[in-house]
Amino acid sequence: HTFQRAMRIALAPARARAGVERASTSRSRRSPRLASRSATTTTPSLSIRFALPRASRDGFVAARSSTDDQGPLSDGSVNARTGAIDSRGFLRASVAFYAGMAVGSQVLTQFADVHPDVIDGVAAFNVDAAALYMIPLLASLSFAVTQSDKYEYLREVRKMFEESVLPAVAPLGVLGILALSCGAGVGEEALFRGFLMPWVDARLEGLGAGADVAAMGSLASTSLVFGALHAITPQYAVWATWASVLFSIESVRDGLGSAMFTHTLYDFLAFLYVIVSWMPDRESDD
């Protein structure tokens, strides 16, 4: 039942078009004036916006806020004409950004003479280790989702996801979410674990720090930066810092490729689980 609900929500754009048509027909029957207006207009999207503003259509999903069902998001991917999120544009921009991050990290490792570079680091891959590192990550995710009604700091995270993340991610579908997760897992690990951590480690050793001190300093500093860049709430920043520590340890012990795999798989499963748990069932809206 949970898998079926996940698929219904993840594949919302296809069902939403059918829901839009039903809602538009129903509204036209109730309002002769609107029916006449729909019959004469040459822009089908007008009747769709009047009939069901929150429907997903052609990659757009209406944003939700605490005061208005169509409140725009702050991520810049809002269509000015319809007040809806361009989910496809969001996906394209995100994947392009992460791809640039990965390529840029490789260039930086070559420029800064960091060894191994990102490409060589990806070759180090351990599936068994990646599966083990997934256990604490998924356990923390399960706690956050199941206990979000009991703790205020988890309610804040949930509210932020419901208002700013899920409306952009849910319409992408399974393949879109996988592409987004792969981009984040590869791009962020390439930058933080492939370049920044060994670069900071080398700089600290160059300043006279011992090998252990340099390793701990690079791990701590890059994880703090990683957490700060994921600070959608202060509590989420703490969790992201802890997750970064896990990814860093995995990268050092089992290879950069393992950390990329764990990060990608976790993001993918987390998006699906959060969508199932926190995203309203669109069938009830239709």
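This is a chat about some helices and one loop in a predicted model.

Colleague: Hi! Can we start with helices H7 and H12? At what angle do their axes cross?

Modeller: Sure! This is a predicted model, and in it the axes of H7 (residues 127–146) and H12 (residues 256–278) cross at roughly 25° and come within 10 Å.

Colleague: Why give an angle and a distance?

Modeller: Because two packed helices are described by the angle between their axes and the distance between the axes.

Colleague: Okay, so is H7 roughly parallel or roughly antiparallel to H12?

Modeller: Roughly parallel, because angles under 35 degrees count that way.

Colleague: And is the crossing left-handed or right-handed?

Modeller: H7 passes H12 in a right-handed crossing.

Colleague: Which residues make the contact?

Modeller: From H7, they include Ala130, Tyr133, Met134 and Leu137. From H12, Phe261, Leu265, Tyr266 and Trp278 are among them.

Colleague: How many residues of that contact are nonpolar, polar or charged?

Modeller: The contact of H7 with H12 has 16 nonpolar residues, five polar ones and no charged ones.

Colleague: New topic: the loop between H5 and H6. Where is Pro116?

Modeller: Pro116 sits in that loop, between helix H5 (87–111) and helix H6 (118–122).

Colleague: Is the peptide bond from His115 to Pro116 cis or trans?

Modeller: The bond from His115 to Pro116 is cis, and its omega is near -5°. For background, most peptide bonds are trans.

Colleague: What about the phi of Asp113?

Modeller: Asp113, also found in the loop between H5 and H6, has a positive phi of about 60°, although it is not a glycine. In general, most residues other than glycine have a negative phi.

Colleague: Is Asp113 buried or exposed?

Modeller: Asp113 counts as exposed because its relative accessibility is 54%, and the cut-off for exposed is over 50%.

Colleague: Back to H5 for a second. How far apart are Leu108 and Gly194?

Modeller: Leu108 lies in helix H5. Leu108 and Gly194 are 9.8 Å apart in space, C-alpha to C-alpha, while 86 residues apart in sequence. Leu108 is partly exposed, with a relative accessible area of 36%.

Colleague: Last one, helix H10. What is its reach?

Modeller: H10 (residues 211–229) has 19 residues and reaches 27 Å from its first C-alpha to its last, close to the 27 Å expected at 1.5 Å a residue.

Colleague: Which residues of H10 are buried, and what do they pack against?

Modeller: The buried ones are Ala214, Ser218, Leu219, Thr222, Ser223, Phe226 and Gly227. They pack against helix H9 (173–206), helix H11 (234–254) and H12.

Technical notes
Residues numbered from 1 in each chain as written. Predicted model: local features only at pLDDT ≥ 70, side-chain atom pairs only at ≥ 80, totals over all residues. Heavy atoms only, no water. Axes fitted to C-alpha atoms, helices over the stretch in contact; angles between N-to-C directions. Helix = DSSP H or I, 4+ residues; strand = E, 2+ residues; numbered from the N terminus. Parallel < 35°, antiparallel > 145°, perpendicular 65-115°, else oblique. Left-handed = near helix turned anticlockwise from the far one by under 90°. Contact = heavy atoms within 4.5 Å. Nonpolar A, V, L, I, M, F, W, Y, C, P; charged D, E, K, R; others polar. Buried < 20%, exposed > 50% of the residue type's maximum accessible area, 1.4 Å probe, protein only. Expected span 1.5 Å × (residues − 1).
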